[in-house]
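Subject: Structure for you to look at

Hello,

Here is the structure I said I would pass on. Please open it beside this message and follow along.

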Amino acid sequence: MSTENLLQSPEQPPRKPRVAVVFGGRSSEHGISVVTAGAVLSAIDRTKYDVLPIGITQDGRWALTADEPERMAIVDRRQPSVEQLAESGEGGVVLPVDPANREVVYNEPGSVPKALGEVDVVFPMLHGPYGEDGTLQGLLELSGVPYVGSGVLASAVGQDKDYMKRVFTSFGLKVGPYVVIRPREWQQDQAAARKKIVDFAGEHGWPLFVKPARAGSSFGITKVDDLSGLDEAIEEAQRHDPKIIVEALLRGREIECGVLEFEDGPRASVPAEIPPVQSHAFYDFEAKYIDAADGIVPAPLTEEQTAEVRRLAVEAFEAASCEGLVRADFFLTEDGEFVINEINTMPGFTPISMYPRMWRETGVGYAELVDRLIQAALRRSTGLR
């Protein structure tokens with residue numbers, strides 16, 4: 001063996017991509033985000049990726065958290081929080097807003113900043129405002145760090161039910177009747193805003209669904225059967241968002257469909273059906289997450305109906321310029337027409353959530369689903385695309 005060969009250092013194994021799983025946040029969906037992140041942390045292949053869990057507290061601090069998915073579950077009907085998981089101290093995690101530097105830093109008051117290493121991709125398991133609505137996506141774009149899921153525009157559109165429906169309508173997708181009350185309308189003339197809703201009820205009938213325009217997980221939604229419950233419903237919705245949307249009842253079946261981005265473009269999963277929950281007025285937060293109402297996967301539809309809803313789900317994905325993943329929610333009306341209700345750009349993502357269940361029935365298991373999303377994000381650059 002030559003001296004030259006002896007002097008050569010052994011080849012170092014390539015560094016594994018580092019995934020920062022970001023969760024929690026300032027929205028009312030904080031606890032559900034923690035639960036979802038726990039499931040993702042459990043599923044990420046640690047032989048393939050390094051993982052950095054970062055929790056955002058309810059007051060907006062980015063905190064280092066323990067990598068302990070077993071502590072991130074609903075226990076005795078109580079949701080977990082980042083505050084329970086955060087490591088001791090008042091320090092915060094900082095992501096440099098510098099595309100040339102992806103090194104994350106931990107700052108503790110009175111101490112030297114601690115480098116936590118580079119991050120290659122962010123998996124943002126955040127729901128609702130300040131995370132799913134384009135705000136975090138904008139920060140990551142400025143930082144030059146690739147991330148799982150839709151970009152700024154699609155995330156913002158997917159969070160705002162008003163503009164979401166406007167986009168769908170412009171692309172020829174059918175939506176149900178609705179009316180929006182913007183903050184300034186309510187502040188300037190409550191009587192006129194209330195009359196706008198009452199006139200809408202006169203045209204489409206009661207009950208109505210009063211919702212925050214930019215919230216999820218069914219928080220703040222009230223089914224209103226008559227005028228007497230309207231003010232209370234508005235107040236409840238405005239606890240979550242000053243902008244509210246009021247939707248007419250659509251009689252029919254609730255059908256959901258998952259969309260996942262593959263190398264050759266988006267594909268739709270088999271659809272699911274959400275049957276009526278007898279103990280709940282509608283498919284609300286308690287039914288979804290606490291009582292774990294069971295959906296039917298695949299939905300009992302004809303071949304033609306299945307093909308149609310899968311086609312429409314991909315159309316909705318493309319209409320809003322989505323990336324990565326989407327859950328599209330529809331009503332199959334009594335006259336056999338699919339009406340799109342909304343999309344979720346970061347849907348519930350625990351193994352028992354509808355999106356992973358639909359893909360499992362389509363042939364993509366939970367761990368593979370997580371891996372596909374990370375790989376898609378690593379392939380995609382930030383910036384205009």
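Below are notes on two sheets, a surface patch and some salt bridges.

Please keep in mind that this is a predicted model.

Start with the sheet that contains β1. This open sheet has four strands in the order β3-β2-β1-β7, and their pairing is mixed. At its edges are β3 (62–64) and β7 (121–125), each of which pairs on one side only. From one strand to the next, the twist averages 30°. Inside the sheet, β1 (residues 18–24) runs parallel to β2 (residues 50–56), and seven bridges pair them. To find this pairing on screen, look for arginine 18, which stands opposite aspartate 50 in β2. Helix α2 (residues 30–43) packs on this sheet and touches β1, β2 and β7. The direction of α2 makes about 155° with that of β1.

The other sheet is also open and has four strands, in the order β8-β11-β9-β10, but here the pairing is antiparallel. Its edge strands are β8 (178–181) and β10 (222–224), each pairing on one side only. Neighbouring strands are turned against each other by 25° on average, direction ignored. Strand β9 (residues 208–212) is joined to β10 by three bridges, and the two run antiparallel. Leucine 208 has valine 224 in β10 as its bridge partner. Helix α9 (residues 230–238) packs on this sheet, with contacts to β9, β10 and β11 (244–248). Between the directions of α9 and β9 the angle is about 25°.

On the surface there is a nonpolar patch formed by Val198, Trp206 and Leu227, with about 240 Å² of accessible area together. Valine 198 belongs to helix α8 (residues 190–204). Its relative accessible area is 31%, so valine 198 counts as partly exposed.

Next, the salt bridges. How many does a search of the whole structure find? The total is 32.

One of them joins arginine 214 to aspartate 241, with the closest N and O atoms 2.7 Å apart. Arginine 214 is in the loop between β9 and β10, while aspartate 241 is in the loop between α9 and β11, 27 residues apart. Arginine 214 is partly exposed at 29% relative accessible area, whereas aspartate 241 is buried at 3%.

Another salt bridge links arginine 253 with glutamate 273, the closest N and O atoms being 2.8 Å apart. Arginine 253 is in strand β12 and glutamate 273 in strand β14 (residues 272–274), so this pair ties together parts 20 residues apart in sequence. Is each partner buried or exposed? Arginine 253 is partly exposed, with a relative accessible area of 27%, and glutamate 273 is buried, with 9%. Leaving out residues up to four places away in sequence, arginine 253 also touches others, including Pro300, Leu301 and Phe330. The C-alpha atoms of arginine 253 and phenylalanine 338 are 9.4 Å apart, although 85 residues separate the two along the chain.

A further salt bridge, at 3.8 Å from N to O, is formed by the side chains of arginine 379 and glutamate 263. Arginine 379 lies in helix α13 (residues 366–379) and glutamate 263 in the loop between β12 and β13 (265–268), so the pair ties together parts 116 residues apart in sequence. Arginine 379 is partly exposed at 48%, and glutamate 263 is exposed at 59%. Finally, Glu141, Glu261, Glu323, Arg380 and Arg385 are joined into one network by salt bridges that share partners.

Regards

Technical notes:
Residues numbered from 1 in each chain as written. Predicted model: local features only at pLDDT ≥ 70, side-chain atom pairs only at ≥ 80, totals over all residues. Heavy atoms only, no water. Pairing = 2+ DSSP bridges. Axes fitted to C-alpha atoms, helices over the stretch in contact; angles between N-to-C directions. Contact = heavy atoms within 4.5 Å. Patch = residues over 30% accessible without salt bridge, like charges linked within 9 Å, V, L, I, M, F, W, Y side chains within 5 Å. Areas by Shrake-Rupley, 256 points an atom, 1.4 Å probe, with all protein chains shown as cover. Salt bridge = Lys/Arg side-chain N within 4 Å of Asp/Glu carboxyl O. Buried < 20%, exposed > 50% of the residue type's maximum accessible area, 1.4 Å probe, protein only.
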